[in-house]
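These are my notebook entries from a session with the model, written down in the order in which I looked things up.

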Amino acid sequence: MSVRELVVLGTASQVPTRHRNHNGYLLRWDGHGLLFDPGEGTQRQMLRAGVAAHDLNRICVTHFHGDHSLGLAGVIQRINLDQVPHQVTAHYPASGQHFFERLRYATAYRESVELTEAPVAEDGRVAVTEAFTLEARRLSHPVESFGYRLVEPDGRRLLPERLAAHGIKGPDVGRIQREGVLDGVTLEEVSEVRRGQRFAFVMDTRLCDGVHALAEGADMLVIESTFLDEDVRLARDHGHLTAGQAAAVARDAGVRHLVLTHFSQRYSDPSEFERQARAAGFEGELSIAQDLMRVPVPKR
C-alpha cells in the first residue's frame, strides 16, 4: 500500500520538555523511510509511534547541534541490533564528519548492517532513485547546516475523454501507458503532465536563499519556527526563524501544507504560532507540530 505521511517524533528546540521530545521526523514515502534530525530520545519515540528500525532507508541530518543529532548513536545501534536487511544511507554536513563518527562509534557494538556515509558538501542532488530525487541546500546558522528537498519525477495523468475520443479502452489503456503509442496515437495526446510531489525540510536557519529554494512549490514544508514574531531579534541573532517568517516563506512559495515545529521552551501557548502564521497571510493547510502526530502529504 502506498503511504506518504510525516510522523513527528519530537518538536522541541535545544532541550526536551515534559511535553516535547528533542527533534525527530520520519517521512514515509511509499516504500521508503527517511528519518530527519534524530535528537536525543528518538529511539524511544520511534517505539511509541510504531516506527521500526526496518522502516529506515535514509537518515538526513541538517546540522550537528545536539537537539538534531544526539539520537544518532541509539538509532544506528538499533539498526544493527535489529539486523536491518537493506542498506541505510546517512546524509549530513561534510564539515561535521568527526561528529558523525563520534556518534556512530559512541560505544562498543557489533556492526551487522551496511550503513553508507554520504556527507553533503555543497548545494545540489545528494541521491537519485526511481521514486525521487533528494536535494540539499545550504542554510544560515552558526554551524554549517543544510536543508533537504524530496522531488518526485513528473508523471502523466490519463484523460478519459481523450481516450474515449480515440476509441482506446480496456487492455489498450495499459498498453499505451507502457509503450507510449498505440495505432498512431501517442500517450501525450490522451494525457496531461502530473507534476511530481515535493517535500521540503528546513531546520535551524535565518532567512536566506536556501530557505526559499527548498520551499518553492512544496506540497508539504516542515520548517522551524523557534520564536514568535515579537522575538525576531533573538531569532536573527541565534540563526532561527519566527512563526511569521516561516509562514511568509510558505505563502510566497505556494506551499500546500505547512508544518511548523522546533519550538522554544519559553512559549507555553502553541496556538499563538498558528495565529501569527495566519496573520502573515498563509492560507493553505497548517499544522502546529505535536509529538507523535501523523500528517498526510497532500494528495494530488
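I began with helix α1, whose face turned away from the buried side carries the exposed residues R44, L47 and R48; exposed means over 50% relative accessible area, buried under 20%, and partly exposed in between, with a 1.4 Å probe and protein chains only. Helices (H or I, at least four residues) and strands (E, at least two) are DSSP runs, numbered from the N terminus. This is a predicted model, in which local features need pLDDT of at least 70 and side-chain atom pairs count only at pLDDT 80 or more, while totals for chains, interfaces and linings use all residues. Residues are numbered from 1 along each chain as its sequence is written, and side-chain values use heavy atoms, with hydrogens and water left out.

On the other side of α1, I noted T42, Q45, M46 and A49 as buried. Seen down the axis of α1, these buried residues fall within an arc of 105° (taken from the directions from the helix axis to the C-beta atoms), so they line one face of the helix. I reminded myself that an α-helix has 3.6 residues a turn, so residues three or four places apart point the same way. The cover over the buried residues of α1 includes β1, β2, β3, α3 and β18, where contact means heavy atoms within 4.5 Å. After α1 comes G50, with a positive phi near 75°.

Next I traced the open sheet of 7 strands in the order β6-β5-β4-β3-β2-β1-β18, whose pairing is mixed; two strands pair if DSSP finds at least two bridges between them. At its edges stand β6 (115-120) and β18 (294-296), each with a single partner strand, so one side of each is left without a neighbour in the sheet. From one strand to the next the twist averages 20°, with axes as lines fitted to C-alpha atoms (for helices over the stretch in contact) and angles running from 0 to 180 degrees between N-to-C directions. Within this sheet, β4 (residues 58-60) and β5 (residues 88-93) pair in the parallel sense over 3 bridges, and I59 has A90 in β5 as its bridge partner. Helix α1 (residues 42-49) packs on the sheet at about 130° to β1, and helix α3 (residues 72-81) also packs on it, touching β3, β4, β5 and β6, at about 175° to β4.

I then followed a second order, β7-β8-β9-β14-β15-β16-β17, which is an open sheet of 7 strands with mixed pairing. There, β9 (residues 146-151) and β14 (residues 198-202) run antiparallel and are joined by 4 bridges, with A200 in β14 as the bridge partner of R149. Helix α9 (residues 243-253) lies across β15 and β16 at about 160° to β16.

Which cysteines form disulfides? I found 0 disulfides in the structure, a disulfide being a pair of cysteine sulfur atoms within 2.5 Å. The sulfur of C208 is 18 Å from the closest cysteine sulfur, in C60, too far for a bond. C60 counts as buried at 0% relative accessibility, and C208 counts as buried at 17%.

My last entry concerns T226, in the loop between β15 (220-224) and α8 (232-238). At 3% relative accessibility, T226 counts as buried. Its side chain and that of H240 are joined by a polar contact of 3.1 Å; such a contact is a pair of N or O atoms within 3.5 Å, where within protein one must be able to donate a hydrogen and the other to accept it, and residues adjacent in sequence count only if both atoms are side-chain atoms.
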